[in-house]
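Q: Pick one spot in this model and give me a close look at it, please. Then work outwards from there and tell me how the surroundings fit together.

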Amino acid sequence: NSNPKTVLVDGDEMRQVFRTDQAHVDYNAAARRTNAERIVRTCQWLDKQELHVICSILCIFPDILQNNRNNYSDYFEIFLDAPLDQVENDDTKGIYSAGRSGRIKNVVGLDLPFPRPNNSDLMIDNSNPRSNPEDIAQLIIKTIESRP
């Protein structure tokens, strides 16, 4: 289909929908798991309606990623790999500076571990020099279109 029905599910926006962005406790490991599971269920619901779902989320649970691979009609996982210092430099919300200063806890990469995905269908190295978003989008499209 040259014009598939596609929906974008963004982790931060879903936190607003479910109102799980209200307090720092909403970001501890248990709350992050609950949020990820809600997002997965939402994406599965959309997938069952034969929509193409693009989900952008920082997932720190390898078992959830594996479950996704086993349960979606056509799963394609992309890991956009960026070094922590770059993530901190790009932090428009001030989460990493607040985490470094001790004002907040439960910051992925600081006091919450980030297990690197080891089974992604596409890994994009976004370290120096940084890729521009249009080039990344074209790489993703080209890779998806070339799949059997």
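A: Let's start at Leu139, which sits in helix 6, residues 133–145. Helices here are DSSP runs of H or I with at least four residues, strands are runs of E with at least two, and both are numbered from the N terminus. Keep in mind that this is a predicted model, so local features need pLDDT of at least 70 and side-chain atom pairs count only at pLDDT 80 or more, while totals for chains, interfaces and linings use all residues. Residues are numbered from 1 along each chain as its sequence is written, and side-chain values use heavy atoms, with hydrogens and water left out.

Leu139 has a relative accessible area of 36%, so it counts as partly exposed; buried would be under 20% and exposed over 50%, with partly exposed in between (1.4 Å probe, protein chains only). Leaving out residues up to four places away in sequence, Leu139 touches Leu122 and Ile124, where contact means heavy atoms within 4.5 Å. Leu122 is 17 residues away from Leu139 in sequence, and their C-alpha atoms are 9.5 Å apart.

Now the helix around Leu139. Helix 6 has 13 residues, and at 1.5 Å a residue they should span 18 Å; the end C-alpha atoms are 18 Å apart, so the two agree. (The expected span is 1.5 Å times one less than the number of residues.) The buried residues of helix 6 include Ile136, Ile140 and Thr143. Looking down the axis of helix 6, the buried residues fall within an arc of 70°, so they line one face of the helix; that arc is taken from the directions from the helix axis to the C-beta atoms. Those buried residues pack against strand 3 (78–81) and strand 4 (122–125). Turned away from the buried side is a face with the exposed residues Glu134, Gln138, Lys142 and Glu145.

The N-terminal end of helix 6 has a cap: a side-chain oxygen of Asn132 lies 2.7 Å from the backbone nitrogen of Glu134. For reference, a polar contact is a pair of N or O atoms within 3.5 Å; within protein, one must be able to donate a hydrogen and the other to accept it, and residues adjacent in sequence count only if both atoms are side-chain atoms.

Stepping back, what do the nonpolar cores look like? A nonpolar core is a set of buried Ala, Val, Leu, Ile, Met, Phe, Trp, Tyr and Cys residues joined through side-chain atoms within 4.5 Å. The largest one has 20 residues, and Val9, Phe61 and Ile64 have the most contacts inside it. Helix 2 (29–48), helix 3 (62–71) and helix 5 (95–101) are the elements that each give two or more residues to this core. Helix 2 provides the largest share, 5 residues. Phe61 is in contact with Ala29, Arg32, Arg33 and Ala36, once neighbours within four places in sequence are set aside. Then there's a second, separate core of 5 residues, which brings us back to helix 6: Phe76, Ile124, Ile136 and Ile140 are among them.

Over in helix 3 you'll find Asn68, which counts as buried because its relative accessibility is 9%. Asn68 touches Val40 and Tyr75, again skipping residues up to four places away in sequence.

That leaves the charged pairs. The whole structure has 8 salt bridges, each one a side-chain nitrogen of Lys or Arg within 4 Å of a carboxyl oxygen of Asp or Glu. In one of them, Lys93 pairs with Asp12, with the closest N and O atoms 2.6 Å apart. Lys93 is in the loop between helix 4 (84–89) and helix 5, while Asp12 is in helix 1 (residues 11–18), so this pair ties together parts 81 residues apart in sequence. Lys93 is exposed at 54%, and Asp12 is partly exposed at 40%.

Arg33, one of the contacts of Phe61, also meets Asp63 in a salt bridge, 2.8 Å from N to O. That pair links helix 2, home of Arg33, to helix 3, home of Asp63, across 30 residues. Both are partly exposed, with Arg33 at 25% and Asp63 at 44%. Add Glu37 and you have a network of salt bridges linking Arg33, Glu37 and Asp63.

Finally, Asp121 forms a salt bridge with Arg69, the closest N and O atoms being 3.2 Å apart. Here the link runs from the loop between helix 5 and strand 4, where Asp121 lies, to Arg69 in helix 3, 52 residues apart.
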